[in-house]
Amino acid sequence: MHALDVLGDPVRRRILELLADGEQTSGAVSGAIQAEFGISQPAVSQHLRVLREAGFTSVRAEGTRRLYAVEAAPLREIDTWLERFRGFWEQRLDALGTELARGKRERRRKDAGADTTGSEEQ
């Protein structure tokens with residue numbers, strides 16, 4: 001399964017978001033996903049299996065618990081693939097940053113003018 005197919009599912013993306021905060025038990029992940037998506041524990045287990053088989057997560061046993069963690073390699077591969085497209089949005093984000101900064105400067109100028117005008121009337 002291609003990495004983007006794996007990440008195309010919102011449940012699997014959310015599982016990775018949960019695991020990005022650190023290693024978690026399958027029970028903790030299942031509980032959070034069941035609460036958010038209203039799916040069964042076996043369905044969550046299936047998503048965990050897909051992530052594990054695609055290399056996005058690893059699992060280790062600790063007694064009777066299974067601890068899941070994010071594996072970085074597939075995410076780096078996606079980042080590398082996205083690199084050729086970054087120019088499409090980085091330029092627009094830079095332009096947005098410029099416009100936001102311009103708007104802040106204009107508001108400060110107006111606020112400074114209003115403060116001066118307001119103090120003269122009092």
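Let's start at W81, a residue that is partly exposed, with a relative accessible area of 36%. Keep in mind as you look around that this is a predicted model.

W81 has an aromatic partner in F85: the centres of the two rings are 5.0 Å apart. Their planes meet at 50 degrees, so the pair is tilted; the cut-offs behind that word are under 30 degrees for stacked and over 60 for edge-to-face. F85 is partly exposed as well, with a relative accessible area of 28%. If you go looking for other such partners, the count of aromatic pairs comes to one.

Now move along to helix α6, which covers residues 86-121. F88 has its place in this helix, and with 54% relative accessibility F88 counts as exposed, because the cut-off for that label is over 50%. F88 also has company at the surface: together with W89, L93, L96 and L100, F88 forms a nonpolar patch. The accessible area of these residues together is about 530 Å². You may like to colour F88, W89, L93, L96 and L100 in your viewer to see this surface patch for yourself.

Further along helix α6 you will come to R105. The relative accessible area of R105 is 38%, which makes this arginine partly exposed, since that label lies between the limits of 20% and 50%. To place R105 in the wider model, look across to R12: 93 residues separate R105 from R12 in sequence, and their C-alpha atoms are 42 Å apart in space.

Technical notes. Residues are numbered from 1 along each chain as its sequence is written. This is a predicted model: local features need pLDDT of at least 70, side-chain atom pairs count only at pLDDT 80 or more; totals for chains, interfaces and linings use all residues. Side-chain values use heavy atoms; hydrogens and water are left out. Helices (H or I, at least four residues) and strands (E, at least two) are DSSP runs, numbered from the N terminus. Buried means under 20% relative accessible area, exposed over 50%, partly exposed in between (1.4 Å probe, protein chains only). Rings of Phe, Tyr and Trp (its six-membered ring) pair if their centres lie within 6.5 Å; planes under 30 degrees apart count as stacked, over 60 as edge-to-face and the rest as tilted. Patches are made of residues with over 30% relative accessible area and no salt bridge: like charges are joined within 9 Å, nonpolar side chains (Val, Leu, Ile, Met, Phe, Trp, Tyr) within 5 Å. Accessible areas come from the Shrake-Rupley method with a 1.4 Å probe; for residues, only the protein chains shown count as cover. A salt bridge is a side-chain nitrogen of Lys or Arg within 4 Å of a carboxyl oxygen of Asp or Glu.
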